[in-house]
Amino acid sequence: MVHLQKLHEKESTNGLLVFAIAMHPDQKVALQLTRELGLTYPIFEGMGSDLGKLYAYG
Amino acid sequence: MRRNASSWFVAILVSAGAFGQVEVGEALPALRLTTSDGSTLRIAVEGGQIFVHRGTTTDHPKALMVHFLQPDCLQCQAQAKAMQSIHPGVAAKGGLIVGAAHRGDAEAVRAFQQKLGLTFPVGLITDRAGLEKKVAGDACAIADRTGVVRFAQAGFGEGDHKLWGEVFDALIAGQASPHAGVARERFKVGDSFPAVRLPSLRTGKPMEYVGVDGKLRFTDDDGKTTHPKAAIFFFSRY
């Protein structure tokens, strides 16, 4: 995540979009971790979504 | 330096690492665990029957689920909570769930069990010899009363506990397992990723990522729309 953050900082102006779909069971904890890690790329809330159920595993 | 946009388009799925390779149709591997209370739990398949030795007692569960886990893995924790949700019903019918940590130490395993309120036994694998290719990452297997694995799964997704419950019910009843694993979609090179229309984690406002007319379109939680040349995305369990 930190490496992707660096990539986001370096390449977003060149047209690269980095984004995450959060699958943490506790949204507040996910938000806190996001702040602590200094993540600034867009993050969707994906817990409970059909997309998450279909693709988020492993 | 200019880059070809297509070279950027990469999809990433977060993984818990390498997966265990316990396969459907093979015997559940023998395991020796040190549980949270310091006792030894031993699982063995002998003479076409599962033996679960705990202290001075020996059980022959009608079906046995083993969760290969890492105590510090959030996905493993989510999976263990889902297992706990079916555990009372499974145990009442003669089934058993066991958590088998292949990383960490006794304290980590104890904290894992206490934090999640797990009432099924969880232990640290004390002898991994011969298990290196069988137990890794976040995986689980359900064996029937003869010790043959009838269901195996790598990773975890929401709703999986329903499948496990169905497998347990069938195996406990002496029937064939209705599932051998979990069918999920996998991204392949050349696939189009479906549109993402979900709220922002930060603001709760809607955001959108979609491919339209051969272009990527992203709308952030301020309503600002851009057309990125490429995107990298991933599912994050933190």
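In this predicted model, residues 1-20 of chain B are the place to begin: pLDDT stays under 50 over this stretch. The model nevertheless has 49 contacts beyond four places in sequence for these residues, and such contacts are best read alongside the low scores there. For chain B as a whole, the average pLDDT is 87, and 89% of the residues score at least 70. At the level of the complex, the predictor gives an ipTM of 0.94 together with a pTM of 0.68.

Turning to the interior, the largest nonpolar core comprises 28 residues. Within this core, B:Met65, B:Ile142, B:Trp164 and B:Phe168 have the most contacts. Helices and strands of chain B both contribute: β6 (63-69), β7 (95-101), β8 (122-125) and β9 (139-144) each supply at least two residues, as do α2 (74-92), α3 (106-116) and α4 (160-172). The greatest share comes from α2(B), which gives 6 residues. A second core, separate from this one, has 21 residues, among them B:Val22, B:Ile50, B:Leu96 and B:Ala100.

B:Trp164 offers a helpful view of the surroundings of one core residue. Leaving aside residues up to four places away in sequence, B:Trp164 touches B:Met65, B:Ala82, B:Met83, B:Ile86, B:Cys140, B:Ile142, B:Phe151 and B:Phe156, and also B:Gln79 and B:Gln153.

Strand β9 of chain B, a contributor to the largest core, also holds B:Asp144. With a relative accessible area of 10%, B:Asp144 falls under the 20% limit and therefore counts as buried. The side chain of B:Asp144 is joined to that of B:Arg150 by a polar contact of 2.8 Å. Besides B:Arg150, the contacts of B:Asp144 beyond four places in sequence take in B:Ile50, B:Lys62, B:Ala63 and B:Leu171. One of these partners, B:Ile50, is included in the second core.

Further along chain B, four strands form an open sheet in the order β11-β12-β13-β14, with antiparallel pairing. β11 (196-199) and β14 (225-226) of chain B each have a single partner strand and stand at the edges, so one side of each lacks a neighbour in the sheet. Between them in the order, β12 (residues 206-212) and β13 (residues 215-219) of chain B run antiparallel and are joined by 5 bridges. In this pairing, B:Val212 stands opposite B:Lys215 of β13(B).

Terms used
Residues are numbered from 1 along each chain as its sequence is written. Chains are lettered from A and ligands numbered from 1 in the order in which they are written. This is a predicted model: local features need pLDDT of at least 70, side-chain atom pairs count only at pLDDT 80 or more; totals for chains, interfaces and linings use all residues. Side-chain values use heavy atoms; hydrogens and water are left out. A nonpolar core is a set of buried Ala, Val, Leu, Ile, Met, Phe, Trp, Tyr and Cys residues joined through side-chain atoms within 4.5 Å. Buried means under 20% relative accessible area, exposed over 50%, partly exposed in between (1.4 Å probe, protein chains only). Contact means heavy atoms within 4.5 Å. pLDDT is the predictor's confidence in each residue, from 0 to 100. A polar contact is a pair of N or O atoms within 3.5 Å; within protein, one must be able to donate a hydrogen and the other to accept it, and residues adjacent in sequence count only if both atoms are side-chain atoms. Two strands pair if DSSP finds at least two bridges between them.
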